[in-house]
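Please open the model in your viewer and keep the selection panel at hand. The tour goes from the sheet to its covering helices, then to the core, the ligand and a loop.

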Amino acid sequence: MKYNRILLKLSGEALMGQQQYGIDAERLMQYASEIKSVAATGVQVAVVIGGGNIYRGVQAEAFGLDRVQGDYMGMLATVINSMALQSALEKLEVSTRLLSGLTIQRVCEPYIRRRAVRHLEKGRVVIFGAGIGSPYFTTDSAASLRAIEIEADVVLKGTRVDGIYTADPEKDPTATRYAEITFDEVLSKNLNVMDMTAFTLCKENNLPIIVFDMNTPGNLERLLNGESMGTLVSAGGTGTGRDGRKPLLDPKHSPLQPLVGNQPEQA
Ligand code: UDP
């Protein structure tokens with residue numbers, strides 16, 4: 001496998017499938033089984049899932065309501081999606097933990113970085129709910145931040161489009177897909193990969209992003225097997241890994257030292 005530890009970002013909207021709102025059971029189970037396949041190969045998998053299929057903070061503003069309140073509602077929406085994904089994974093007998101940026105102690109653990117890393121080392125799929133737990137952020141920012149914190153090798157942004165294009169492929173038939181692009185090129189060409197906060201976090205921490213089509217069954221595993229797909233956004237050159245290392249092609253690479261478990265774990 002090309003990567004040792006990944007952070008998979010799924011949008012809430014993708015969970016709707018063909019529906020106008022909420023969670024499509026078939027799409028949810030598809031995502032769960034894709035995650036199961038890659039986790040079974042030994043890749044450590046962390047997931048951040050959005051909430052746009054249920055609620056977004058900007059909707060509150062449109063109703064003349066308080067934006068901050070709306071953002072917290074959006075964060076709770078991500079917890080609902082995270083719980084659904086957790087259940088779907090458990091149905092497939094995948095060991096999981098849900099760690100939340102907001103304290104919701106009856107249903108999930110609070111986010112604690114060391115605990116997250118320990119779960120991953122034990123082979124559990126870790127789902128990060130409630131974004132970063134603060135308003136005015138997005139789940140893309142949560143994905144970038146958590147990926148940096150847990151020292152993931154890459155952020156895999158699963159979307160319905162198979163990468164980053166020179167123009168909107170739905171509007172411009174001449175648009176072509178970039179196989180690879182640098183952080184600087186994304187900025188100079190004004191391409192939309194993630195919101196600026198999320199993107200800057202990745203750029204400044206040299207964390208590669210791959211935008212790929214998550215809705216085609218088997219794509220996640222094919223991507224991790226090294227098949228070229230989607231668009232890789234990186235610093236470019238040979239040092240495409242974090243801190244100028246080259247971990248991406250070396251499956252034995254592990255930047256992490258085993259952690260001493262000094263915190264009690266929840267069952
Ligand atoms: N949100 C937030 N802080 C965070 C993450 C999310 O306030 O750290 C809120 C924000 O209102 C956002 C909503 O949760 O609109 C749902 O997340 P997002 O829009 O990123 O979901 P996606 O577009 O991926 O479905």
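Two strands are said to pair if DSSP finds at least two bridges between them, and the elements themselves are DSSP runs numbered from the N terminus, helices being H or I with at least four residues and strands being E with at least two. This is a predicted model, in which local features need pLDDT of at least 70 and side-chain atom pairs count only at pLDDT 80 or more, while totals for chains, interfaces and linings use all residues. Residues are numbered from 1 along each chain as its sequence is written.

**The sheet**

Show the cartoon of the whole protein, which has 8 helices and 9 strands. The 9 strands form an open sheet of mixed pairing, in the order β4-β3-β5-β2-β1-β6-β8-β9-β7. Its edge strands, each of which pairs on one side only, are β4 (109-110) and β7 (180-182).

Select next residues 96-100 and 125-129, that is, β3 and β5, which pair in the parallel sense over 5 bridges; within this pair, Ser100 stands opposite Gly129 of β5.

Then move to β6, of whose 6 residues 5 are buried, where buried stands for 20 or more other C-beta atoms within 10 Å of a residue's own, exposed for 12 or fewer, and partly exposed for the range in between, with C-beta atoms placed from the backbone. What pairs with β6 in the parallel sense over 5 bridges? One partner is β1, and another is β8, residues 209-213. Leu156 is a convenient residue to centre on: Leu8 stands opposite Leu156 in β6, and in β8 the bridge partner of Leu156 is Ile210.

**Two helices to select**

Select residues 113-121 for helix α4, which lies across β1 (5-10), β2 (44-49), β3, β4 and β5 and runs at about 150 degrees to β5; axes here are lines fitted to C-alpha atoms, for helices over the stretch in contact, and angles run from 0 to 180 degrees between N-to-C directions. The buried residues of α4 are Arg115, Ala116, Val117, Arg118, His119 and Leu120, and they pack against β1, β2, β3, β4 and β5, a contact being two residues whose C-beta atoms, placed from the backbone, lie within 7 Å. After α4 comes Gly123, with a positive phi near 85 degrees.

Now select residues 139-149 for α5, a mostly covered helix in which 9 of the 11 residues are buried. Among these buried residues are Asp140 and Arg146. The buried residues of α5 pack against β1, β2, α3, β5, β6 (154-159) and α7 (196-204). Glu151, which follows α5, has a positive phi near 55 degrees.

**The core**

Of the 267 residues of the protein, 45% count as buried. The largest nonpolar core, meaning a set of buried Ala, Val, Leu, Ile, Met, Phe, Trp, Tyr and Cys residues joined through C-beta atoms within 7 Å, has 61 residues, and those with the most contacts inside it are Val45, Val47 and Val155. Centre on Val47 and, leaving aside its neighbours within four places in sequence, you will find it in contact with Leu8, Leu10, Ile35, Leu85, Val125 and Ile127.

**Around the ligand**

Which residues of the shell are closest to the ligand? They are Gly50, Gly52, Gly57, Gly74 and Gly131, out of 24 residues that surround the ligand, where a residue is near a molecule if its C-beta atom, placed from the backbone, lies within 6 Å of it. The elements that give two or more residues to this shell are α3 (67-91) and α5, and α3 gives the most, with 6 residues.

**The loop between β1 and α1**

Finish at Gln20, in the loop between β1 and α1 (25-40). Is Gln20 buried or exposed? Gln20 is exposed, because 6 other C-beta atoms lie within 10 Å. The C-alpha atoms of Gln20 and Ile54, 34 residues apart along the chain, are separated by 9.8 Å.

Asp24 is found in the loop between β1 and α1 as well, and counts as partly exposed because it has 15 C-beta neighbours inside 10 Å. Not counting residues up to four places away in sequence, Asp24 touches Leu15, Met16, Gly17, Gln18 and Gln19.
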